[in-house]
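Please open the model in your viewer and keep the selection panel at hand, as this tour goes from one selection to the next.

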Amino acid sequence: MNTKTKRFIALLGAILLLLLYGSTLLFSILDTAISQTLLNASIAATILLPVLLYIYKLFLQFFHENSSES
């Protein structure tokens, strides 16, 4: 994977995290029937998104190294 692709993925991840932080703040302020469910989903996504992106990065590195060796 080249440098431009890595930078694009990192920028996309940062933008998604900022949107998730903003939605978490918005859902915590709102007082509607569904806001608690949306707040819980937003908090879960805020935690899971970086973890999943890190796992994806590890898999890419692992498979890239294995394909280079053979």
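Which residues form a nonpolar patch on the surface? Bear in mind that this is a predicted model, and then select L48, V51, L52, Y54, I55, L58, F59, F62 and F63, which form that patch and together have about 900 Å² of accessible area.

Within this selection, keep F59, F62 and F63 and show their side chains, since ring pairs link these residues into a cluster. A pair of aromatic rings is described by the distance of the centres and the angle of the planes. With a limit of 6.5 Å between ring centres, the count comes to two aromatic pairs. In the pair of F59 and F63, the ring centres are 6.0 Å apart and the planes are at 15°, so this pair is stacked, the cut-off for stacking being planes under 30 degrees apart. If you colour the model by helix, you will find F59 and F63 in helix α2 (residues 35-69), where, being four residues apart, they are separated by about one helical turn.

Now keep F63 selected and add F62, which is also found in helix α2. F62 and F63 form an aromatic pair that is edge-to-face, with 5.4 Å from centre to centre and 70° between the planes; for this class, the planes have to be over 60 degrees apart.

Switch next to a surface display of the three rings. Is F63 buried or exposed? F63 has a relative accessible area of 52% and is exposed, because the cut-off for that class is over 50%. F59, at 47% relative accessibility, counts as partly exposed, and F62, with a relative accessible area of 44%, is partly exposed as well.

Leave the patch and move to helix α1 (residues 3-29). This helix has 27 residues and reaches 39 Å from its first C-alpha to its last, which is close to the 39 Å expected at 1.5 Å a residue. Select G13, L17, L20, S23, T24 and F27, which are buried residues in α1.

From that group, centre the view on T24, which at 16% relative accessibility counts as buried, because the class requires under 20%. With which residues is T24 in contact, leaving aside its neighbours within four places in sequence? Add L39, S42, I43 and T46 to the selection, and you have the residues in contact with T24 once those neighbours are left aside.

Key: Residues numbered from 1 in each chain as written. Predicted model: local features only at pLDDT ≥ 70, side-chain atom pairs only at ≥ 80, totals over all residues. Heavy atoms only, no water. Helix = DSSP H or I, 4+ residues; strand = E, 2+ residues; numbered from the N terminus. Buried < 20%, exposed > 50% of the residue type's maximum accessible area, 1.4 Å probe, protein only. Contact = heavy atoms within 4.5 Å. Expected span 1.5 Å × (residues − 1). Patch = residues over 30% accessible without salt bridge, like charges linked within 9 Å, V, L, I, M, F, W, Y side chains within 5 Å. Areas by Shrake-Rupley, 256 points an atom, 1.4 Å probe, with all protein chains shown as cover. Salt bridge = Lys/Arg side-chain N within 4 Å of Asp/Glu carboxyl O.
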